[in-house]
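Got the viewer open? Here is a short walk through the structure, one selection at a time.

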Amino acid sequence: MAETRPPLDPLVAPVAPPRAVAERVRAAVAQTPASRATVGRRLALALVAAPSAILLGLLGSCLVFRGRPLFRVDLWLLPEVAFAGRLLVLVLLAGTATALALIPGRRGLGVRVSLLLIAALAVAPLYTFLTMFEPIGTAVGDAAARALHPLGLPCALVAFAVGMLALTAFGLALRRAVPSAPVNRAAALGAAAGGWSGVALFLQCPAKNTLHLLVGHSLPVAAFALLGAIVLPRLLRP
Amino acid sequence: MDADQVMRRYAGGEDAAFDELYAALSPRLYSFCVRLAGRNGDADDLFQDAFLKLHRSRATYVSGASVLHWAFAIVRSTHLDRLRKRARRPETLIASTDDVLEAIFEGSGSPESELQAEALARIVEQELQRMSERNRSAYILLKIEGLTAGEAAAVLGITGDAVKQRAFRAYEALRAALARAGFQQVSRG
């Protein structure tokens, strides 16, 4: 049903700004360069950012932690359908959060604030459930996992690197483009970046240990929503 | 020409569309600034800052969206930025918005009715400045600018229910202020 417009207050009529103000505005506008980055270009940057961040983060981890493989050691031994299904759900989770945070919506002011809140709050618990509930693995992966840090601190660093790359790209994609609800939008962007860092860890780390998964994988994913909400709003506001 | 179409041209890089855009948007935006910021000097600065931001981020305007609602959101965001900057300095009550009120009531009827309307508007204006920014912005968008609850919610970045609640609180405060000043509510029908 269409929303009804409330009756306007008859006492109020729009008033034109004084001529001096108009001149000041014209002079200021003439001296200020405007961004040429269209919405389409910005969204394209964000779309490229997620897979690039994963690839760069994983490659970087191989260089920093010598001996750490690019992908999990048992990648080719894993049950294909189960692995592909789990990966697809994780990608969908991160992708949905990214879409909700980035798309401008029909009013050009982003999606409804309740959807942004859901995106910001749901990614970490869903990621934790999807990775900890009947984790996928093989004997080869389990053997490799025994050599990993029990708390998964290197994994947390990899997640931080991937998430920061994605978050930076998302922030640049929406730079000065969010006049409404910037904190909610920033939290959703952070959650999306966290979701992509979780995908990277799922591709690289064979660990099934609960403590490792919680501290090394889920905690960074959750932290990114908070980080986004704290760091990004200033960048997003016009 | 339709403001949305003008904005589309301006967002596409057509600098010459600025004058048309300014003419189309400035009365509504300036009035919004006056009601948000209260004092005339503040409203002028807010208007200038907001228009500059609108210009700077013009490429982020989404074709097909209402430019007025987008501009309202920019004004409100700019207003909140300015409030944050001087958060440690408590806002004083408005001095006056005389010029604006005079412009509104110039030649609007008999001298007596003009006086009464001006007194009424002054109380509304002062009470608006006295209430919280949240309630004030919701009331202005819903009752003065005529946005729907959904549109106001998008501009303010809150839910539609929250907009209605805040506007209702503002309305109640205004009603109480007018009653204190001796204005009676006239029931219609």
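Two residues are in contact when their C-beta atoms, placed from the backbone, lie within 7 Å. Keep in mind that you're looking at a predicted model.

**Stop 1: inside chain B.** Colour chain B by its domain assignment: domain 1 covers 3-85, and domain 2 covers 98-180. Drop a marker at the centre of each, taken over C-alpha atoms, and you'll find 20 Å between them.

Now select where these two domains meet. On one side, 11 residues of domain 1 of chain B are in contact with 15 residues of domain 2 of chain B. Which elements of chain B give two or more residues to the domain 1 side? Pick out α2 and α4 of chain B. α4(B) gives the most here, with 5 residues. Colour that domain 1 side by residue class and you get 6 nonpolar, 3 polar and 2 charged residues.

**Stop 2: where chain B meets chain A.** Show both chains and select the residues in contact: 49 from chain B and 39 from chain A. Stay on the chain B side and go helix by helix. At least two residues each come from α2 (18-37), α3 (40-56), α4 (67-85), α5 (98-105), α6 (111-130), α7 (133-144) and α8 (149-156) of chain B.

Which helix should you zoom in on? Try α3(B), which gives the most to this side, with 8 residues.

Last, recolour the side of chain B that touches chain A by residue class: 27 are nonpolar, 15 polar and 7 charged.

Notes:
Residues are numbered from 1 along each chain as its sequence is written. Chains are lettered from A and ligands numbered from 1 in the order in which they are written. This is a predicted model: local features need pLDDT of at least 70, side-chain atom pairs count only at pLDDT 80 or more; totals for chains, interfaces and linings use all residues. Helices (H or I, at least four residues) and strands (E, at least two) are DSSP runs, numbered from the N terminus. Ala, Val, Leu, Ile, Met, Phe, Trp, Tyr, Cys and Pro count as nonpolar, Asp, Glu, Lys and Arg as charged, and the others, Gly among them, as polar. Domain bounds come from an automatic or database domain assignment.
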